[in-house]
Amino acid sequence: MLVHQVNFNINWRKFVKGSSFFIPCLDCTAAKEVVRKETRRLKFKVVIKTVIEEGIQGIRVWRV
C-alpha cells in the first residue's frame, strides 16, 4: 500500500478483528483515503483515527 510515496507492506491475512497498525504521516486525511480504499477493496470494516504516538503524528487503523 503506497502512502505518501512510501510503500507499507501490511500482511492483510494477519490483520484480524481487534488488531491494529500505525502509519506515521503528516497529511492524515490523504493517508486515511488510501487506507479506506484498500480496506474497502478487501471488504474489511475498520476504524481510522488520527493519533500521536511517542511524539509522532499518524493514523491508527483498527479492524472491527
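Select Q5 to begin: Q5 sits in the loop that joins strand 1 (2-3) to strand 2 (6-7). Keep in mind as you go that this is a predicted model. With a relative accessible area of 76%, Q5 is exposed. Now look at the backbone: phi of Q5 is near 60°, which is a positive value in a residue that is not glycine. Most residues other than glycine have a negative phi.

**Zoom out: the whole chain**

Switch to a cartoon view and follow the chain from its start. You should find 1 helix and 5 strands, and their order along the sequence is β-β-β-α-β-β. The radius of gyration is 11 Å, close to the 11 Å that the globule rule gives for 64 residues, so the protein is as compact as a globular protein of that length. If you draw a box along the principal axes, the C-alpha atoms fill roughly 30 × 25 × 20 Å.

Next, turn on a surface. The accessible surface is about 4700 Å², and carbon and sulfur atoms own 52% of it. Of the 64 residues, 34% count as buried. Then colour by charge: there are 13 positive and 5 negative charges, and their mean positions lie 12 Å apart. If you like contact maps, here is one more value: among contacts with a separation of 6 or more, residues 24 or more positions apart account for 51%.

**Select L2, in strand 1**

Go back towards the start of the chain and pick L2, which lies in strand 1. Is L2 buried or exposed? L2 is exposed, at a relative accessible area of 54%. Residues up to four places away in sequence aside, L2 touches N7 and V34. Draw a distance between the C-alpha atoms of L2 and V34: these two residues are 32 apart along the chain, and the separation in space is 7.6 Å.

**Select W12**

Move on to W12, in the loop between strand 2 and strand 3. W12 counts as buried, since its relative accessibility is 16% and the cut-off for buried is under 20%. Which residues does W12 contact, once neighbours within four places in sequence are left aside? Show M1, F21, E38, T39, L42 and F44 as sticks, and you have the set. For another distance, try V64: W12 and V64 are 52 residues apart along the chain, with their C-alpha atoms separated by 14 Å.

**Select residues 20-24, strand 3**

F21, one of the contacts of W12, leads you into strand 3 (residues 20-24). Show the side chains here and look along the strand, because they alternate. F21 and I23 point to one face and are buried. S20, F22 and P24 point to the other face and are not buried.

Add strand 5 (residues 56-63) to the selection: strand 3 pairs with strand 5 in the antiparallel sense, over 5 bridges. To see the register, find F22, which stands opposite R60 in strand 5.

**Add strand 4**

Keep R60 on screen and bring in strand 4, residues 46-53. Strand 4 also runs antiparallel to strand 5, with 8 bridges in the pairing. Here K49 is the residue that stands opposite R60. R60 therefore has F22 opposite in strand 3 and K49 opposite in strand 4.

Now click on E53, which has its place in strand 4. E53 is partly exposed, with a relative accessible area of 28%. Apart from neighbours within four places in sequence, E53 is in contact with F22 and R60. E53 and F22 are 31 residues apart along the chain, and 8.8 Å separates their C-alpha atoms.

**Last stop: E54 at the turn**

Step on to E54, in the loop between strand 4 and strand 5. How many residues does the hairpin of these strands have between them? The hairpin has 2 residues between the strands, and E54 takes a positive phi near 50°. E54 is exposed, at 82% relative accessibility.

To finish, select Q5 and E54 together. Q5 has a positive phi near 60°, and E54 has a positive phi near 50° in a residue other than glycine. Q5 is exposed, and E54 counts as exposed too.

Key. Residues are numbered from 1 along each chain as its sequence is written. This is a predicted model: local features need pLDDT of at least 70, side-chain atom pairs count only at pLDDT 80 or more; totals for chains, interfaces and linings use all residues. Side-chain values use heavy atoms; hydrogens and water are left out. Helices (H or I, at least four residues) and strands (E, at least two) are DSSP runs, numbered from the N terminus. The radius of gyration is taken over C-alpha atoms; the globule rule is 2.2 Å times the number of residues to the power 0.38. Buried means under 20% relative accessible area, exposed over 50%, partly exposed in between (1.4 Å probe, protein chains only). Contact means heavy atoms within 4.5 Å. Accessible areas come from the Shrake-Rupley method with a 1.4 Å probe; for residues, only the protein chains shown count as cover. Lys and Arg count as positive and Asp and Glu as negative; His and the chain ends are not counted. The place of a charge is taken as NZ of Lys, CZ of Arg, CG of Asp or CD of Glu.
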